[in-house]
Amino acid sequence: MQGCREEFIDGAIIKVFRRGEAVIAVCVEGDCGPRLKYAWGDALQGTDCPGPDGSPYPRQLVNRALKTSGSRQGRTVRTLDPSLMRRALLDAHEGYSQGIVSGSNRTARSASPSCGSSRLCRTRYNTTAPMYGVSLTSGQPVTIVQKFPDLLQQVVFEVCESSSCSLVRGTCSQTYVPYLFLVLPLGPVTLTGQDYVLVESGCVCRPDPL
């Protein structure tokens with residue numbers, strides 16, 4: 001498309017179509033999984049989401065890194081089925097968010113208020129196996145090592161779906177938690193090359209001052 005180019009904005013590949021100085025259309029590139037602030041792509045979807053420079057996911061480098069890691073371990077590890085792991089993560093997240101651990105009633109939304117301010121804001125949660133992220137230690141983009149189904153670094157994310165609190169006057173604020181991922185280039189946090197990437201972890205109500 002004439003005048004169309006890709007731009008990297010807030011962890012997403014955006015296509016911007018310009019005619020002169022006017023922006024005609026803006027669209028998010030599809031098949032990249034959930035659009036989180038510091039992580040994007042989803043290996044669970046089996047897609048080739050482009051990296052921050054527009055290049056495809058570096059599967060050869062990932063395979064080489066896993067081969068080197070496997071030779072250092074010197075043993076064969078049997079991994080869990082990704083769908084079972086996803087179900088367990090969702091069950092655990094729902095149980096802990098409600099103060100219980102239960103696997104019989106699973107949901108993808110949390111809207112019921114409780115004594116804690118975190119339930120005064122409507123949220124949505126799910127799992128993802130991000131393919132790219134922004135390093136918490138360097139602030140630079142990194143490739144998160146993912147290989148279906150041998151190594152999937154799945155996490156649970158929970159994002160705000162409302163900007164105002166229910167029941168009280170206040171503002172809903174997104175919270176984040178650092179997750180430790182095996183990344184490329186190798187990260188500085190552990191000897192195996194891990195690094196921290198922030199992932200959305202919930203929504204907190206901040207009441208307006210009286």
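Asp150 is partly exposed, with a relative accessible area of 43%, and in this predicted model the residue forms a salt bridge with Lys147, the closest N and O atoms being 3.9 Å apart. That separation counts as a salt bridge because the criterion asks for a side-chain nitrogen of Lys or Arg within 4 Å of a carboxyl oxygen of Asp or Glu. The partner, Lys147, is likewise assigned to the partly exposed class, at 30% relative accessibility.

The pair of Asp150 and Lys147 belongs to a set of three salt bridges in the structure. Side chains of opposite charge can pair when their charged atoms come close. Which residues are linked in a network of salt bridges? They are Arg122, Arg124 and Glu161, and the network can be followed from Glu161, which has a salt bridge to Arg122 and another to Arg124. In the bridge with Arg122, the closest N and O atoms are 3.8 Å apart; Arg122 lies in the loop between E5 and E6 and Glu161 in the loop between E9 and E10, so this contact ties together parts of the chain that are 39 residues apart in sequence. In the bridge with Arg124, the N to O distance is 3.3 Å, and since Arg124 sits in strand E6 while Glu161 lies in the loop between E9 and E10, the parts tied together here are 37 residues apart in sequence. As for solvent accessibility, Glu161 is partly exposed with a relative accessible area of 27%, Arg122 is partly exposed at 41%, and Arg124 counts as partly exposed at 33%.

From the charged pairs we can turn to the covalent links, of which the structure holds three, each a disulfide. One of them joins Cys121 to Cys172, with an S to S distance of 2.2 Å, and with -100 degrees about the S-S bond this link is left-handed. The disulfide connects distant parts of the chain, given that Cys121 lies in the loop between strand E5 (109-110) and strand E6 (123-128), whereas Cys172 belongs to strand E10 (residues 170-184), 51 residues apart. Both Cys121 and Cys172 are buried.

Another disulfide joins Cys160 to Cys203, where the S to S distance is 2.0 Å, and the 110 degrees about its S-S bond make the link right-handed. Cys160 lies in strand E9 (residues 155-160) and Cys203 in strand E11 (residues 194-207), so the bond ties together parts that are 43 residues apart in sequence. Are the two cysteines buried or partly exposed? Cys160 is partly exposed, with a relative accessible area of 24%, whereas Cys203 is buried, with a relative accessible area of 2%; the dividing value is 20%, because buried means under 20% relative accessible area.

Strand E11 also carries Cys205, which forms a disulfide with Cys165, their sulfur atoms being 2.2 Å apart. The torsion about the S-S bond of Cys165 and Cys205 is about 110 degrees, so this disulfide is right-handed. Cys165 lies in the loop between E9 and E10 and Cys205 in strand E11, which means that the pair ties together parts that are 40 residues apart in sequence. Cys165 is buried, with a relative accessible area of 12%, and Cys205 counts as buried at 4% relative accessibility.

Definitions and conventions. Residues numbered from 1 in each chain as written. Predicted model: local features only at pLDDT ≥ 70, side-chain atom pairs only at ≥ 80, totals over all residues. Heavy atoms only, no water. Disulfide = S-S within 2.5 Å. Helix = DSSP H or I, 4+ residues; strand = E, 2+ residues; numbered from the N terminus. Buried < 20%, exposed > 50% of the residue type's maximum accessible area, 1.4 Å probe, protein only.
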